[in-house]
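Here is a short briefing on one protein chain. Keep the 3D view open and find each residue as it comes up.

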Amino acid sequence: MRHPLHPILVHFPVAAWFFATIGDIASLFMGEQVSWVAGVFLVIGTITAIFAMIAGLVELTKIDQQSIAMKTANQHMVLAMVSWSLYTISLFLRLEGTTLTQPSNLAILLSVIGLAVLCVAGWKGGQLVFEHGVGIQKHEQ
């Protein structure tokens with residue numbers, strides 16, 4: 001495949017985690033139904049992020065190890081993994097067996113921090129594409 005999969009796949013966990021975090025904050029005011037929806041979005045984001053991270057690792061192997069883009073790529077990767085870890089911990093904190101429960105303040109805080117870290121990871125991903133040209137094919141004219 002000529003088009004990298006990573007940029008296609010990242011939209012799913014990013015959107016799911018964004019809505020999970022908004023739901024977590026809203027659950028402080030609106031109650032249990034909203035927190036359940038946030039939990040479902042956490043599950044979706046956590047699972048789809050695994051596929052996005054695998055695709056990202058494949059793309060990472062295509063970057064020249066000596067290029068200046070590699071430092072940014074490593075920062076992007078570490079930040080994405082930290083965000084995934086924060087959201088995954090938040091998810092496990094609200095599980096009782098396989099049942100989603102009202103999140104604790106710690107679980108909500110981890111979601112908010114996860115979103116902040118995810119935004120920085122996305123910024124670094126944008127730098128890879130727009131500053132370093134990673135994943136961009138050069139067409140000869």
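Glu59 and Lys62 join their side chains in a salt bridge, with N and O 3.3 Å apart. The model is a predicted one. Are the two partners buried or exposed? Glu59 has a relative accessible area of 16%, under the 20% limit, so Glu59 is buried. Lys62 reaches 56% relative accessibility, over the 50% limit, so Lys62 counts as exposed.

**Salt bridges**

- How many salt bridges are there? The count comes to two.
- One of them pairs the side chains of Arg94 and Asp24, at 2.7 Å from N to O.
- This pair links distant parts of the chain, as its residues are 70 apart in sequence.
- Arg94 sits in the loop between H4 and strand E1 (95-96), while Asp24 belongs to helix H2.
- Both Arg94 and Asp24 are buried.

**Charges overall**

- The protein carries 6 positive and 7 negative side chains.
- The centres of these two sets lie 9 Å apart.

**Overall layout**

- The protein has five helices and two strands.
- In what order do the elements run from the N terminus? The order is α-α-α-α-β-β-α.
- The C-alpha trace spans about 60 × 25 × 25 Å along its principal axes.
- Take the contacts with a separation of 6 or more: 75% of them join residues 24 or more positions apart.

**Surface and interior**

- The chain has 141 residues, and 38% of them are buried.
- The protein exposes about 8800 Å².
- Carbon and sulfur atoms supply 72% of that exposed area.

**Nonpolar cores**

- In soluble globular proteins, nonpolar side chains tend to be buried together.
- Which residues form the largest nonpolar core here? The nine are Trp17, Ala20, Leu42, Ala49, Tyr87, Leu91, Leu100, Leu115 and Leu118.
- Four helices each give this core at least two residues: H2 (11-30), H3 (32-60), H4 (69-93) and H5 (105-130).
- Leu118, one of the core residues, touches Val14, Trp17 and Ser83, leaving out residues up to four places away in sequence.
- A second, separate core has six residues, among them Ile63, Met70, Ala73 and Leu128.

**Gly23, a buried residue in helix H2**

- Gly23 lies in helix H2.
- Is Gly23 buried or exposed? Its relative accessibility is 9%, under the 20% limit, so Gly23 counts as buried.
- Gly23 is in contact with Val34 and Ala38, once neighbours within four places in sequence are set aside.
- Gly23 and Leu93 are 70 residues apart along the chain, and their C-alpha atoms are separated by 16 Å.

**Lys71, an exposed residue in helix H4**

- Lys71 has its place in helix H4.
- The relative accessible area of Lys71 is 59%, over the 50% limit, so Lys71 is exposed.
- How far apart in space are Lys71 and Leu128? Their C-alpha atoms are 9.8 Å apart, with their positions 57 residues apart in sequence numbering.
- Leu128 is also one of the residues in the second core.

Key: Residues are numbered from 1 along each chain as its sequence is written. This is a predicted model: local features need pLDDT of at least 70, side-chain atom pairs count only at pLDDT 80 or more; totals for chains, interfaces and linings use all residues. Side-chain values use heavy atoms; hydrogens and water are left out. Buried means under 20% relative accessible area, exposed over 50%, partly exposed in between (1.4 Å probe, protein chains only). Contact means heavy atoms within 4.5 Å. Accessible areas come from the Shrake-Rupley method with a 1.4 Å probe; for residues, only the protein chains shown count as cover. Lys and Arg count as positive and Asp and Glu as negative; His and the chain ends are not counted. The place of a charge is taken as NZ of Lys, CZ of Arg, CG of Asp or CD of Glu. A nonpolar core is a set of buried Ala, Val, Leu, Ile, Met, Phe, Trp, Tyr and Cys residues joined through side-chain atoms within 4.5 Å. A salt bridge is a side-chain nitrogen of Lys or Arg within 4 Å of a carboxyl oxygen of Asp or Glu.
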